[in-house]
Amino acid sequence: MSLKAFAAKIFAKRIVAKTQKWVQNPHKTQQRVFKELVAKGSGTKFGEDHDFNGIQTHQDFVERVPVRDYEELKSYVHRVVDGEPDILWPGKPIYFAKTSGTTSGAKYIPITKESIKHQVEASRNAILSYIHETGRADFVDGKMIFLQGSPELTEKNGIKLGRLSGISAHYVPNYLQKNRLPSWETNCIEDWETKVNTIVEETKDEDMTVIAGIPSWVQMYFEKLKEKTNRNIGDLFPNFELFIYGGVNYEPYRKKFEELIGRKVASIELFPASEGFFAYQDSQMEKGMLLLLNSGILYEFIRIDDFHKEEGQRLTIEQVEKDVDYVMIISTNAGLWAYNLGDTVRFVSLEPYKVVVSGRVKHFISAFGEHVIAKEVEEAMQTAMNATDAKMNEFTVAPQITPENEELPYHEWFVEFEKEPSDMNTFKRILDESLQQQNSYYFDLIEGKVLQPLKITRIRHNGFKEYMKSMGKLGGQNKVQRLANDRSVADKLKEFMA
């Protein structure tokens, strides 16, 4: 064992012990975060407008600060962008993470010196938790790659501006700099296909031990590596031990990954966003990600069934239940207050608090009252692949409300198969039955002959990649929308049918 690996084990033990202190006192930890945030925010324009000086309890906060999404908060954000200090958080942020907005163009998410510190620590602690639990640390001597956006930053009114992954690239610790790939020049390449091809050339002869990124884009990297070398990834990188991912559920991709790699590889799931780093998988033995209650973020939760009701209650961590889907609301040390992130989570453990991401508030199908969410279609796909010989590259789902020939409406699944099932009817039946078992509303609609069982539309090889490229969303942090309540994605995908 190298000195670096030995030191990593000692450091991991210390960090895990430190983490356990707040894990064992979750409610007090969140109460402390709440008081600190309100105290800091009281000196800001937002705090003045919302009477932060009068906030003593969570109920006081609820009464004064309504839930907002970016569009509703942007009047404050734009003042920060214009260079005004003390608007949402004391002083000015040190970065803006620029993301694509849905209705008003670019979104500028503030990142402060306090919030970036927690972002960096969470990424580090996820790996240290793995080292502590497994006792494996030799991989720290190998090469590591993080498929991410360009680290090049611009400036706006004295505040640096870029993608979150690019900002994070500036915080790789010194002891990992020599291990990190790709090169700075390659990381700055904007065109994704050119970038991946260059990364293949830079890494194919290296001792890669850790690979991180959104599964769909890492899969593209693996496929290009295999095409270039004519070798499985596991043979090419015999010491490849750890795959780190976030943004989407890995399970639908796992079967394809293991085929490309040629063996199983341990994985760590992360739950990061421009707005904060919320959770990471801290155990290979337990389901879910540890919710980070000590990271300068106050969490509130609204049952998804109550989200659009005026009486929908904003729950604190003490009030949540297992196996319920909640919209997650955050207040952060970057100045986001009662902010609707857009993600839904489900608690799989309350001791400690662990979550899985179950979907997006805006990404669901309820054209007939079924309210199908991302987690349900992903689990159905995984079940169908496990029960058949099918292999899938990518998929999305949309309702077909007005089919031709006066037939019943249905859910249309757009699937890019790596290998089509030998019996498509069996595959469809298992897929549909799995969704019915998970969602009683969908079951009732099928049983009541309101809907007919799902139909599959095959997308040609690389069709989803071509679709994402046509939308200007190839690579980086972009990902395919898993499902929609309309035909906006579906109609465009018709151009890429097999």
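**Setting values against definitions**

Student: Why does Met1 count as exposed?

Tutor: The relative accessibility of Met1 is 62%, and exposed means over 50% relative accessible area, buried under 20% and partly exposed in between, with a 1.4 Å probe and protein chains only, so Met1 counts as exposed. The structure is a predicted model, in which local features need pLDDT of at least 70 and side-chain atom pairs count only at pLDDT 80 or more, while totals for chains, interfaces and linings use all residues. Residues are numbered from 1 along each chain as its sequence is written, and side-chain values use heavy atoms, with hydrogens and water left out.

Student: What makes the group of Met1, Leu3, Phe6 and Ile10 a nonpolar surface patch?

Tutor: A patch is made of residues with over 30% relative accessible area and no salt bridge, with nonpolar side chains (Val, Leu, Ile, Met, Phe, Trp, Tyr) joined within 5 Å and like charges within 9 Å. Met1, Leu3, Phe6 and Ile10 make such a patch, of about 490 Å², where accessible areas come from the Shrake-Rupley method with a 1.4 Å probe and only the protein chains shown count as cover for residues.

Student: How do you know that Lys256 forms a salt bridge with Glu259?

Tutor: The closest N and O atoms of Lys256 and Glu259 are 3.8 Å apart, and a salt bridge is a side-chain nitrogen of Lys or Arg within 4 Å of a carboxyl oxygen of Asp or Glu, so the pair qualifies. Both residues lie in helix H13 (residues 251-261), 3 residues apart, about one turn of the helix; helices (H or I, at least four residues) and strands (E, at least two) are DSSP runs, numbered from the N terminus. Lys256 and Glu259 are also linked with Lys391 and Glu418 in a network of salt bridges.

Student: Why is Lys256 called buried, and why does Glu259 count as partly exposed?

Tutor: Lys256 has a relative accessible area of 3% and is therefore buried, whereas Glu259, at 27% relative accessibility, counts as partly exposed.

Student: What makes Arg303 and Glu321 a pair that links distant parts of the chain?

Tutor: Arg303 forms a salt bridge with Glu321, the closest N and O atoms being 3.1 Å apart. Arg303 is in strand E12 (residues 297-303) and Glu321 in the loop between E12 and strand E13 (325-332), with their positions 18 residues apart. Arg303 is partly exposed because its relative accessibility is 29%, and Glu321 is partly exposed with a relative accessible area of 40%.

Student: What makes a space in this structure a cavity, and how many cavities of 30 Å³ or more does a search of the whole structure find?

Tutor: On a 1 Å grid over the protein atoms alone, a cavity is a set of points where a 1.4 Å probe fits but cannot get out, and lining residues have an atom within 4 Å of a point. The search finds 2 cavities of 30 Å³ or more. The largest cavity has a volume of about 70 Å³, a volume being the space filled by probe spheres set on the points, which are joined across faces, edges and corners. The 14 residues that line the largest cavity include Val80, Leu88, Trp89, Gly91 and Pro93, which lie nearest its centre.

Technical notes
On a 1 Å grid over the protein atoms alone, a cavity is a set of points where a 1.4 Å probe fits but cannot get out, and a pocket is an open set with protein on both sides within 12 Å along at least five of seven lines; lining residues have an atom within 4 Å of a point.
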